[in-house]
Amino acid sequence: MSTFKAPKGTYDLTPPDSAKYLAVREALSAPLKNSGYGYIETPGFEDVALFSRGVGESTDIVSKEMYTLTTKGGSELALRPEGTASVLRAALEANLHKLGNLPVKLWYSGSYYRYERPQKGRYRHFSQVGAEAIGAEDPALDAELIILADQAYRTLGLQNFRILLNSLGDKECRPVYRDALQEFLRELDLDDDTRRRIDLNPLRVLDDKRTEVQKQLVGAPVLRDYLCDACKAYHEEVRDLLTAAGVVYEDDEKLVRGLDYYTRTTFEFVHDGLGSQSAVGGGGRYDGLSEMIGGPALPSVGWALGVDRTVLALEAEGIVLELPSSTSVFAVPLGEEARRVLFAKVTELRRAGVAADFAFGGRGLKGAMKSANRSGARFTVVAGERDLAEGVVQLKDMESGEQQAVALDVLVAEVQQKLA
Ligand code: HAM
């Protein structure tokens, strides 16, 4: 152990567990790559104002959880707490919305930072795979994204998750609802903090988990009753498309999400084996965000899936991913001459595309064979002086235990054929 530890609320990914995270990331993004989404990567930090304007001054994410810093040059930056504002900023900056047909469909994967109280499933550094479809108002696009996330979780084998769905209305109907809700909330017996929230972000009060608050919320006006005809029709279409695709969802009129940019469709994927941090993913439509950050009107929709929580969900369901071993051949030289010859063979194997590793450090046969076992390699190649004198190596199949002498100059071809 060194003097240092990973900072509070963070953890390291180390082998062999790290392979699971890579596989999860790959599985979450695979359906996107297969559906016309192009890869985008943006910096880990941005102008603070991008998030305060985009995600919203009144949200916890911006007001309490952002890692902000002032650079030596005087710029106010924030480590990104989420991806949507950054991706839209980058798409606008690159004029992607002007280059071709809309929507611009993008996917991303990376690290995000929130100064939250750490607990299981809630970290200060975490990882998301996300998707954004920019510049189209089409219920089929909302449905597409929900279907793709559902597919991603299912290919991992997850079953115990539910999809919560809601509509938050648009700039026509939401303000009317907001007024009605504020009027209702102002009559309640609430603490000062919550009272302030009534002015800033009344919909978030509905999210309050405390029973004394929830009790008073019975009879609160519900957004569904205030949706305008256009929002209602849009939402019905999303629901119909999901049903037609065989995706089961639950209507959840209390689902408001913790970011201010949402309009109309919002959804969350919750897993029942995760305790309080049950959201494995979430997203929705954000038709006004582009204008909020100085761009043109570009109605858009997207989601982000939490990699850390997806891994926890797999563990909760007892799912062990079948990960192919990363090494196919492990070479064990006996003696100096063999070291040079086998090292060259390993290089040759690698150049031919075969995953190969070598017993480094000049330990004895026993230690080297231990490493070979631990590597999970299908084959070991062992050679000593006598083998080399005969121009062969001993190729051992670690699955069957069979061993055969193979001529040095056909080793690569032989291994390739056996692996095919
Ligand atoms: P979000 O709901 O804030 O949405 O985060 C999405 C997912 O990231 C969560 O469901 C959760 O799995 C994971 N996550 C969030 N915070 C943490 C944390 N502290 N520790 C571990 N995992 C966490 C967004 O970020 C939006 N940008 C999604 C979106 C994209 N909406 C439209 N487009």
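## Notebook: cis prolines, a buried helix and a pocket between domains

I began at P16, which sits in the segment before α1. The model is predicted, and I kept that in mind throughout. I checked the peptide bond from P15 to P16 and found it cis, with omega near 5°.

I then looked at a second cis bond. The bond from L102 to P103 is cis, with omega near 0°. I placed P103 in the loop between α5 (96–99) and β5.

**Overall layout**

I stepped back to the whole protein. I noted 17 helices and 16 strands. The C-alpha trace spans about 90 × 50 × 45 Å along its principal axes. Of the 420 residues, 50% are buried. I also looked up the contacts with a separation of 6 or more: residues 24 or more positions apart account for 69% of them.

I looked up the domain bounds next. The domain assignment gives domain 1 (17–169 + 227–316), domain 2 (174–224) and domain 3 (329–419). I read off 69 Å between the C-alpha centres of domain 2 and domain 3.

**Helix α1**

I went back to the helix that follows P16. Helix α1 covers residues 17–33, 17 residues in total. Its first and last C-alpha atoms are 25 Å apart, close to the 24 Å expected at 1.5 Å a residue.

Which residues of α1 are buried? I listed S18, K20, Y21, A23, V24, A27, L28, S29, P31 and L32. I kept a general point beside that list: an α-helix has 3.6 residues a turn, so residues three or four places apart point the same way.

What do the buried residues of α1 pack against? I found two strands of the sequence region after the helix, β5 (104–113) and β6 (125–134), among the partners. Helix α6 (139–155), strand β11 (300–306) and helix α13 (307–316) are also on the list.

I picked S29 for a closer look. S29 is in helix α1. Is S29 buried or exposed? I entered S29 as buried, because its relative accessible area is 2%, under the 20% cut-off. Not counting residues up to four places away in sequence, S29 touches W107 and V129. I also took the C-alpha distance from S29 to A131: 8.6 Å in space, for 102 residues in sequence.

**Helix α6 and R154**

I moved to R154, which lies in helix α6. R154 is partly exposed, with a relative accessible area of 44%. Leaving aside neighbours within four places in sequence, I found R154 in contact with Q159 and F161. I then took a long reach across the model. R154 and G362 are 208 residues apart along the chain, and their C-alpha atoms are separated by 46 Å.

**Two positive phi angles**

I looked at N95 and R257 for their backbone. N95 is not a glycine, yet its phi is positive at about 55°. I found N95 in the loop between α4 (84–93) and α5. At 31% relative accessibility, N95 counts as partly exposed.

R257 is not a glycine either, and its phi is positive at about 70°. I placed R257 in the loop between β8 (250–251) and β9. R257 counts as buried, because its relative accessibility is 13%.

**T266 in strand β9**

R257 came up again when I looked at T266, as the two are in contact. T266 is in strand β9. I entered T266 as buried, with a relative accessible area of 0%. Leaving aside neighbours within four places in sequence, its contacts include the run L164, L165, N166, S167 and L168. L255, G283 and G284 are also in contact with T266.

**The second largest pocket**

I finished with the second largest pocket, which holds about 630 Å³ of space. I counted 28 lining residues, and those closest to the centre are K171, R174, Y261, Y262 and T263. Which elements give two or more residues to the lining? I noted α7 (173–186), α9 (202–205), β9 (263–271) and α12 (289–292).

I sorted the lining by class: 12 nonpolar, four polar and 12 charged residues.

Where does this pocket lie? I put the second largest pocket between domain 1 and domain 2, because both give residues to its lining.

Terms used: Residues numbered from 1 in each chain as written. Predicted model: local features only at pLDDT ≥ 70, side-chain atom pairs only at ≥ 80, totals over all residues. Heavy atoms only, no water. 1 Å grid on protein atoms, 1.4 Å probe; cavity = no way out; pocket = protein on both sides within 12 Å on 5 of 7 lines; lining within 4 Å. Points joined across faces, edges and corners; volume = space filled by probe spheres on them. Helix = DSSP H or I, 4+ residues; strand = E, 2+ residues; numbered from the N terminus. Nonpolar A, V, L, I, M, F, W, Y, C, P; charged D, E, K, R; others polar. Domains from an automatic or database assignment. Expected span 1.5 Å × (residues − 1). Buried < 20%, exposed > 50% of the residue type's maximum accessible area, 1.4 Å probe, protein only. Contact = heavy atoms within 4.5 Å.
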